[in-house]
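Student: Could you take a close look at one charged residue in this one for me? Start with how open to the outside it is, then work outwards from there.

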Amino acid sequence: MQELLKKFENKQPEIIFEWSDSESEAEGWVVINSLRGGAAGGGTRMRKGLDKREVESLAKTMEVKFTVSGPAIGGAKSGINFDPKDPRKNEVLKRWYKAVTPLLKNYYGTGGDLNVDEIHEVIPITESYGIWHPQEGIVNGHFHATEPEKIRKIGQLRQGVSKVLEDPKYTPNGPKKYTVADMITGFGVAEAVRHYYQIWGGKLEGKRAVIQGWGNVGAAAACFLAVEGVKIVGIIDREGGLINEEGFTLDEVRELFVNRNGNQLVAENIIPFDEINSRIWDLESEIFIPAAASRLITREQSERMVKAGLEVISCGANVPFADSEIFFGPIGVWTDQQVSVIPDFIANCGMARVFAYLMSDQAMVTDEAIFLDVSETIRQALEKTFAENSSKIKLAESSFKIALGQLV
């Protein structure tokens, strides 16, 4: 497996598009790892300090993800090195998407990612340049769709991704409206845990979970786990966190979801970051959901969680371990040898799978159909892993082996 991984990691990306903004200090890259199946896909992220290496590693991560979510295309990613809090953000994005329009028309499909919103930024800006949908390049490059097919597939994409959820099963209560894009990745991360206990054995209800990150992924995963009777005992976010060893009630978890300020945890009794960071890794819990930025989990944190009774990690963040390797470094490998690690390309494939499903011929644009399809996709991937390895360790290694067998 390590040989396959090295071979895949060291292979040069097929296309690297480099951009320097003429009116600001922003710079950006589209990295297309390969045009497998005639197209490539991956979202657009923005953060200060981002570099080409990060975008390359994310493009490779996307290629592995597509072996689970479909369609059978290459991995890609867009990254912009710019402060997302800068008031010039929207103008930078407009110039960026104008520059990458030819790729988005022909063979590259994108979406939202870190600090870039699918519904409010990507779709309106790309539409203003005559792109029917940010996934149009995949419809053209991979599906070679005829005009009527293209109209139907893009119609399904437009309707499905920004669909306002009506089924109370898939949305927290409250006055705000949420879309498929808001909830689906966190739903998949929670479903990965549910399927894990069904397939490998064990009772999910009554288990305790710690959540890292309170954006759409972490907060939604917490809500869906709480519905299954999981006790959320700790939340750690950028500014601070919360601990309740008895577990927050479902209503309390939903309230914390609804009361967020953007992606930030908001609560009266918030514990300052340094204090929560010194305590949370020793909380007795069986489930850990890393759903903040990439490469945060240290070896020491992993060791402390294992000692406190950890059973399973469902990776909501891409590459959550603080390794320099693209996929699987020493911290990830060590943790995978101690507990069940459900890798990111299975656990957080929800949005990629929604795109693939909505481009398919059998798609039904209902809450139930979209969410059940994601759940089923994750279940099938975990069943393949179980067939390869029924023990409760080295799940990530076995899952990588299956994926890389399709790519290398």
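**Around Glu368**

Tutor: With a relative accessibility of 31%, Glu368 counts as partly exposed, that is, between buried (under 20% relative accessible area) and exposed (over 50%), using a 1.4 Å probe and protein chains only. Bear in mind that this is a predicted model: local features need pLDDT of at least 70 and side-chain atom pairs pLDDT 80 or more, while totals for chains, interfaces and linings use all residues. Numbering runs from 1 along each chain as its sequence is written, and side-chain values use heavy atoms, with hydrogens and water left out.

So what does Glu368 pair with? Its side chain meets that of Lys169 in a salt bridge, 3.2 Å from N to O; the rule wants a side-chain nitrogen of Lys or Arg within 4 Å of a carboxyl oxygen of Asp or Glu. Glu368 is in helix 15 (residues 367-388) and Lys169 in the loop between helix 6 and helix 7 (180-200), so this pair ties together parts that are 199 residues apart in sequence. Helices (H or I, at least four residues) and strands (E, at least two) are DSSP runs, numbered from the N terminus.

Now stay in helix 15 a moment. Glu383 and Arg379 form a salt bridge at 2.5 Å, N to O, and this one is local: the two are four residues apart in helix 15, so about one helical turn separates them. An α-helix has 3.6 residues a turn, so residues three or four places apart point the same way. Both partners are partly exposed, Glu383 at 36% relative accessibility and Arg379 at 23%. Elsewhere, Arg45, Arg47, Glu54, Lys77 and Asp113 are joined into one network by salt bridges that share partners. Over the whole structure, the search turns up 30 salt bridges.

For another long-range pair, go to Glu284 and Arg208, whose side chains meet in a salt bridge at 3.3 Å, N to O. That pair links distant parts of the chain, 76 residues apart: Glu284 sits in the loop between helix 10 and strand 11, and Arg208 in strand 7 (residues 208-212). Glu284 is exposed, at 52% relative accessibility, whereas Arg208 is partly exposed, at 23%.

Zooming out, the chain is assigned domain 1 (12-157) and domain 2 (169-406), with bounds from an automatic or database domain assignment. Their C-alpha centres are 25 Å apart. In the contact (heavy atoms within 4.5 Å), domain 1 has 25 residues and domain 2 has 27. Between them the domains bury about 2300 Å², with 64% of it on carbon and sulfur atoms; buried area is the accessible area (1.4 Å probe) that two parts lose on being put together, summed over both. Of the area that domain 1 buries against domain 2, Lys65, Val68 and Gln156 supply 25%, more than any other three residues.

There are two salt bridges between domain 1 and domain 2. On the side of domain 1 that touches domain 2, the elements giving two or more residues are helix 2 (52-69), helix 4 (118-128), helix 5 (136-141) and helix 6 (147-161). Helix 2 has the largest share of that side, with 11 residues.

The loops have some backbone details to look at too. Pro71, in the loop between helix 2 and strand 5 (74-81), follows a cis peptide bond from Gly70, with omega near -15°. Asn115 is not a glycine, yet has a positive phi of about 65°; this residue is in the loop between strand 6 (108-109) and helix 4. Arg295, also a residue other than glycine, has a positive phi near 60°, and lies in the loop between strand 11 and helix 11. Asn115 is partly exposed, with a relative accessible area of 37%, as is Arg295, with 28%.

Last stop, helix 11 (residues 299-307): its buried residues are Gln301, Ser302, Arg304 and Met305. Looking down the helix axis, these fall within an arc of 165°, so they line one face of helix 11; the arc is that of the directions from the axis to the C-beta atoms. They pack against helix 10 (273-279), strand 11 (287-290) and helix 12 (330-336). After helix 11 comes Gly309, with a positive phi near 105°.
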